[in-house]
Amino acid sequence: MSEERSSLLSSSSLHEDHDGGGDRRSPSQRSNILSRLTFWFMFPLIKLGYKQTLQHDDLYELDEDNKAINLSDKFEEAWQNEIRSKGKSSSILRAFHRTFASTFYIGALWKVIVSALTFVGPLLVLPLVNFFGDQDLPIGLGLGYSFMLLGSGLGQALFEARYNEACYMAATRYKTAISTLLYKKSLRLSNASRQQNSVGEIVNMLSVDIENISALVLYGHEIWAAPILLIVTIVLLYQLLGWPIFVGLGVILVLFPITAWTGIKMSHYGEKLMAIKDERTKMMTEVLQGMRIIKFFSWEASYRSRIEEIRAREVHALRISRYLYSVSVFFWVVTPQLITVVTFALLSTVRSTKEVNVGTVFAALSLFNVLQTPIIIMSFAFAGVVQAMVSVRRVNKFLLADELNDVSPSLEASYNTSSSSSSSSSSSSSSSSSSLTSSSSVAISIHGGSFVWDVPPPKQEDATAAGNDDKKKKKNKQKETSPSPPPPTPPPANTLHDIDFTAGHGELVAVVGPVGC
C-alpha cells in the first residue's frame, strides 16, 4: 500500500515517456507559435491516451495563471475594488473585465480574423465560376483562386480553434474564480442575510447561475460579431443583386415583434423558474436535514405533497420557457430561408435571365449561407443574454449582502491588551504577577453585555461619499419643507440584556433555559 501511495505522489514514468523527461509543466507555455497554433504540443498526450487509459500523474501541471488560488485572489481583489468604487451598484461583470480582460480580448482578435476569412470563399465563387466559363483566361489564375480558397478554409479552421480556446479559457477561469468567491461569501453571511439567502439559493447559484454567466463569457464575442457579420453580408449582397435584397430583409422586420415578445416572456419565466428552483432546493434541504423528525411524526405525505406541488409549478414554468425558446429559434432559423426565397422571387420578376448569370447565383447563395450564421447565432445569443442577466442580478445581490465582522473591535482591543500584558518584563512586582496569574486563568469574561440577532449594516465610506453630498442636500430641503418627517427606524431589540458571565480554562459550562426564541 505504501508503494502504491508513493508512486502516486511521485512523478510518473509515463510522463517521461511522452514528454521526453520529468518536466510536468504545461507544454503550451514552452511551445513555439506553430505548435500552439496547430495544438501540436498535445499530440504526445493524445498518443499516450490512445495506447492506455490516462492517469492523474500523466497530466501536466497547471500554470500559475490557471491555478484556482491565484484566480480567486485576483478576482476577489477586483471585486473589493469594485465595491469600494461603486458601492451597492457593483457588478461582477466589471470585476471580470478588470481581472480577465487580456484573455477575453485575445479571443476578440481571433474572432476578427475568423470573420474576415469567412467572406473569402463567397467572394472567390464569382471569379472562379467566370474562369471556368472563359477559356481565354490563363490556367495560373484558376490555380491561384483554388489555392486562395483552400488557404482561407485552412486559416479559418486554425484561427477558429484559437478563438474557441481563448473563449473557453476565459469562461473556465471565471467559473473557478466566481465559485470560490461565492463559497467564501456564504461563510461570511450575517444572520439577516442567511434568512434572505437559503442554502437552496446558494446551491442554485453555484450550479445554475454560474453556468449561465459563463455561457455569456463563452459566447460574448458573438454578440458584437454577429451584427457586424450581418451588415457586411447585406452590403455584399446589395452589390451583387441590387435593391431586391432589402425587400427580402423586410422579413426580419415583419418577424421582429414576435421574436421581441418571446424574448421578454423568456426573461420573465426565467426569473420565475429560478425562484421556484430556489424554493424546491430549500424544501429538499429541510427534508434531508430533518428526516428523523419527519419520520417520527409521520409527516411524509404532507412533505411529499408540498414538494410535488412545487415541482409541478417548476415543470410548468420550464415547459412554457422551452416553448418560447423553441418558437424563437424556429423563427430565427426560418428567417434566412425566407429572405433567400423572397429575394430571388423578386429578382426573377424585375431582372431578365441574361443579367443574372450562373456566377451571380452561386455567389449569392454562398453569401446567403453566410447570412444564416449571424442570424442563428443572434437568436441563441439573445436567449443566452436574457438568462445570463437574470443570473448576474441574483449573484450581485448575493455578493452585496451584509456580512459578519471579521473581528469585534472590543475583542481585538482586549486581545491586544492581554498580549501586551503577557509580554511585559518578568521583573514586575509580586502583586502584578498574582494579578496576571488570576486574569490568565479566565478564558471568557462578559460584563454588562447585550446581544441581538441582527444588527444594522455599517455605513460604507468609500470613494462615492463625495457624490452623496447632493443627495444629502436634497434630503435637507425635504426636511425643511415637510412639517412632520417620518420617525427613524428603531434599532433592533436586544435579545439578551446585562449579561455577566465568566468562565475559566477547563471549566464545563452549561446554558439552561428556553432556546430558539
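How much space lies in the second largest pocket? About 880 Å³ of space lies there, in a model that is predicted.

The legends below share a few conventions. Because this is a predicted model, local features need pLDDT of at least 70 and side-chain atom pairs count only at pLDDT 80 or more, while totals for chains, interfaces and linings use all residues. Residues are numbered from 1 along each chain as its sequence is written, and side-chain values use heavy atoms, with hydrogens and water left out.

**View 1. The second largest pocket and the residues that line it.** The second largest pocket holds about 880 Å³ of space, and of the 32 residues that line it, the closest to its centre are D63, N66, E165, M169 and R173. A pocket here is an open set of points on a 1 Å grid over the protein atoms alone, with protein on both sides within 12 Å along at least five of seven lines, and lining residues have an atom within 4 Å of a point. A volume is the space filled by probe spheres set on the points, which are joined across faces, edges and corners. Helix 5 (68–86), helix 6 (92–118) and helix 8 each supply at least two residues of this lining, and the largest share, 8 residues, comes from helix 8. Helices are DSSP runs (H or I, at least four residues) numbered from the N terminus. By class, the lining of this pocket divides into 15 nonpolar, 9 polar and 8 charged residues, where Ala, Val, Leu, Ile, Met, Phe, Trp, Tyr, Cys and Pro count as nonpolar, Asp, Glu, Lys and Arg as charged, and the others, Gly among them, as polar.

**View 2. The largest cavity, lined from helix 12 and helix 14.** Rolling a probe the size of a water molecule over the atoms shows where empty space is left. A cavity is a set of grid points where a 1.4 Å probe fits but cannot get out, and the count comes to 1 cavity of 30 Å³ or more. The largest cavity has a volume of about 40 Å³ and is lined by I252, L255, F256, T259, W332 and T335. Helix 12 (244–289) and helix 14 (300–350) each supply at least two residues of this lining, with the largest share, 4 residues, coming from helix 12. The lining of the largest cavity has 4 nonpolar, 2 polar and no charged residues.

**View 3. Salt bridges that involve helix 8.** The structure holds 16 salt bridges, each being a side-chain nitrogen of Lys or Arg within 4 Å of a carboxyl oxygen of Asp or Glu. In one of them, the side chains of E211 and K175 meet with N to O at 2.9 Å; E211 lies in helix 10 (residues 199–218) and K175 in helix 8, so the pair ties together parts that are 36 residues apart in sequence. E211 is partly exposed, with a relative accessible area of 40%, and K175 is also partly exposed, at 29% (buried means under 20% relative accessible area, exposed over 50%, and partly exposed in between, with a 1.4 Å probe and protein chains only). K185 forms a salt bridge with E403, the closest N and O atoms being 2.6 Å apart. This pair ties together parts that are 218 residues apart in sequence, because K185 lies in helix 8 and E403 in the loop between helix 15 (358–399) and helix 16 (409–422). K185 is buried, with a relative accessible area of 3%, whereas E403 is partly exposed at 33%.

**View 4. A salt bridge within helix 14.** The side chains of E314 and R311 meet in a salt bridge with N to O at 3.1 Å, and the two residues, being 3 residues apart in helix 14, are separated by about one helical turn. E314 is buried, at 3% relative accessible area, while R311 is partly exposed at 39%.

**View 5. Positive phi values in two loops.** Most residues other than glycine have a negative phi. Phi of F39 is near 60°, a positive value, and F39 lies in the loop between helix 3 (33–38) and helix 4 (43–51), where this residue counts as partly exposed at 26% relative accessibility. Phi of S298 is near 55°, likewise positive; S298 sits in the loop between helix 13 (291–296) and helix 14 and is exposed, with a relative accessible area of 55%.
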